[in-house]
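Work through the exercises below with the sequence and the model side by side. Each task is followed by a solution in steps.

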Amino acid sequence: AKSHSYAKLNPIAQYPFEVTKEQVLASPELSDPIRTLESCTNPDGAAALILTNQELAEKYTKKPVFLIGTGQAQNTLALSARKTLTTMDSTVNAAKSAYEMANIKSSDIDLAEVHDVFTISELMALEDLNFIEKGKFAGYESLIPINTSGGLKGCGHATAATGVRQACEIVAQLRGEAEERQVENPKTGLTHTIS
């Protein structure tokens, strides 16, 4: 429901309409306890960014956005081989690398686009990225804005384009160009995707 509240404000969202909590809970079950309206679709799609050095960026735009940290990690594909089903070690390790490179903590981040292929995936990512304590999610009211684009749920998961689409949302937000879904004065954003 939260993702759709943002998606309705996003002109490129595949599903730009609201969905209520009651509609989510009443939607058909895919695999207990995940319901149809807690999962994303896999549409076609494309996204693009131009990455360059500071000098060239400042030559072509008055609003450059700088990449200050990045992290990448991998995990075993087989769920049965993982230590736990509620932590993505790859996310934990990639976040640690990115935070160290950027010399920041999760508390320094103003908004995030995280991989929400299922509702539970978003909550796991928020824990693994240190936005909430493990098992202590108490609602979005106390969190930074998450998935202001509408996330994978509202935009769809065009697999090869998702990570770049997420970065495009963060760039739009940091430039103050996110129109109706604009977050107030963001300075630092985070993207998290899984492939």
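**Exercise 1. Find which residues Arg82 touches, leaving out residues up to four places away in sequence, and state whether Arg82 has a salt bridge.**

Solution. This is a predicted model.
Step 1: the contacts of Arg82 are Asn75, Thr76, Leu77 and Met88, with residues up to four places away in sequence left out.
Step 2: Arg82 sits in the loop between helix 3 (54-60) and helix 4 (89-102).
Step 3: look for a partner of opposite charge. The nearest such side chain is Asp89, 7.4 Å away. A salt bridge needs a nitrogen and a carboxyl oxygen within 4 Å, and Arg82, although buried, has none.

**Exercise 2. Locate the salt bridge of Lys8 and say which parts of the chain it ties together.**

Solution.
Step 1: the side chain of Lys8 meets that of Glu18, at 2.6 Å from N to O.
Step 2: both residues lie in the loop between helix 1 and helix 2 (21-26), so the pair ties together parts that are 10 residues apart in sequence.
Step 3: Lys8 has 38% relative accessibility and therefore counts as partly exposed.
By the same 4 Å rule, the count for the model comes to 10 salt bridges.

**Exercise 3. Describe the salt bridge between Glu100 and Lys96 and its position in the helix.**

Solution.
Step 1: the closest N and O atoms of the pair are 3.3 Å apart.
Step 2: both residues belong to helix 4 and are four residues apart, about one turn of the helix.
Step 3: an α-helix has 3.6 residues a turn, so residues three or four places apart point the same way.
Step 4: Glu100 is exposed, because its relative accessible area is 54% and the cut-off for exposed is over 50%.

**Exercise 4. Determine how much of helix 5 is buried, what covers it, and which of its residues join a salt-bridge network.**

Solution.
Step 1: seven of the 10 residues in helix 5 are buried, which leaves the helix mostly covered. They are Ser121, Glu122, Met124, Ala125, Leu126, Glu127 and Asp128.
Step 2: the cover over these buried residues includes helix 1 (2-7) and helix 4.
Step 3: Asp128 and Lys134 meet in a salt bridge of 3.5 Å, N to O. Asp128 counts as buried at 5% relative accessibility, whereas Lys134, at 39%, counts as partly exposed.
Step 4: Glu127 belongs with Asp128 and Lys134 to a network of salt bridges.
Step 5: after the helix comes Asn130, with a positive phi near 70°.

**Exercise 5. Name the best-connected members of the largest nonpolar core and the helices that supply it.**

Solution.
Step 1: the core has 13 residues, and those touching the most other members are Tyr99, Ala112, Val114, Leu126, Leu129, Phe131 and Leu190.
Step 2: helix 4 and helix 5 (119-128) each supply at least two residues of this core.
Step 3: take Ala112 and leave out residues up to four places away in sequence. Its contacts are Phe131, Ile144, Pro145, Ile146, Asn147, Ile170 and Leu190.

**Exercise 6. Where does Val24 lie, and which residues does Val24 touch?**

Solution.
Step 1: Val24 is in helix 2.
Step 2: a relative accessible area of 10% makes Val24 buried.
Step 3: beyond four places in sequence, Val24 touches Ala1, Val19, Arg35, Leu37 and Glu38.

Methods. Residues are numbered from 1 along each chain as its sequence is written. This is a predicted model: local features need pLDDT of at least 70, side-chain atom pairs count only at pLDDT 80 or more; totals for chains, interfaces and linings use all residues. Side-chain values use heavy atoms; hydrogens and water are left out. Buried means under 20% relative accessible area, exposed over 50%, partly exposed in between (1.4 Å probe, protein chains only). Lys and Arg count as positive and Asp and Glu as negative; His and the chain ends are not counted. Contact means heavy atoms within 4.5 Å. A nonpolar core is a set of buried Ala, Val, Leu, Ile, Met, Phe, Trp, Tyr and Cys residues joined through side-chain atoms within 4.5 Å.
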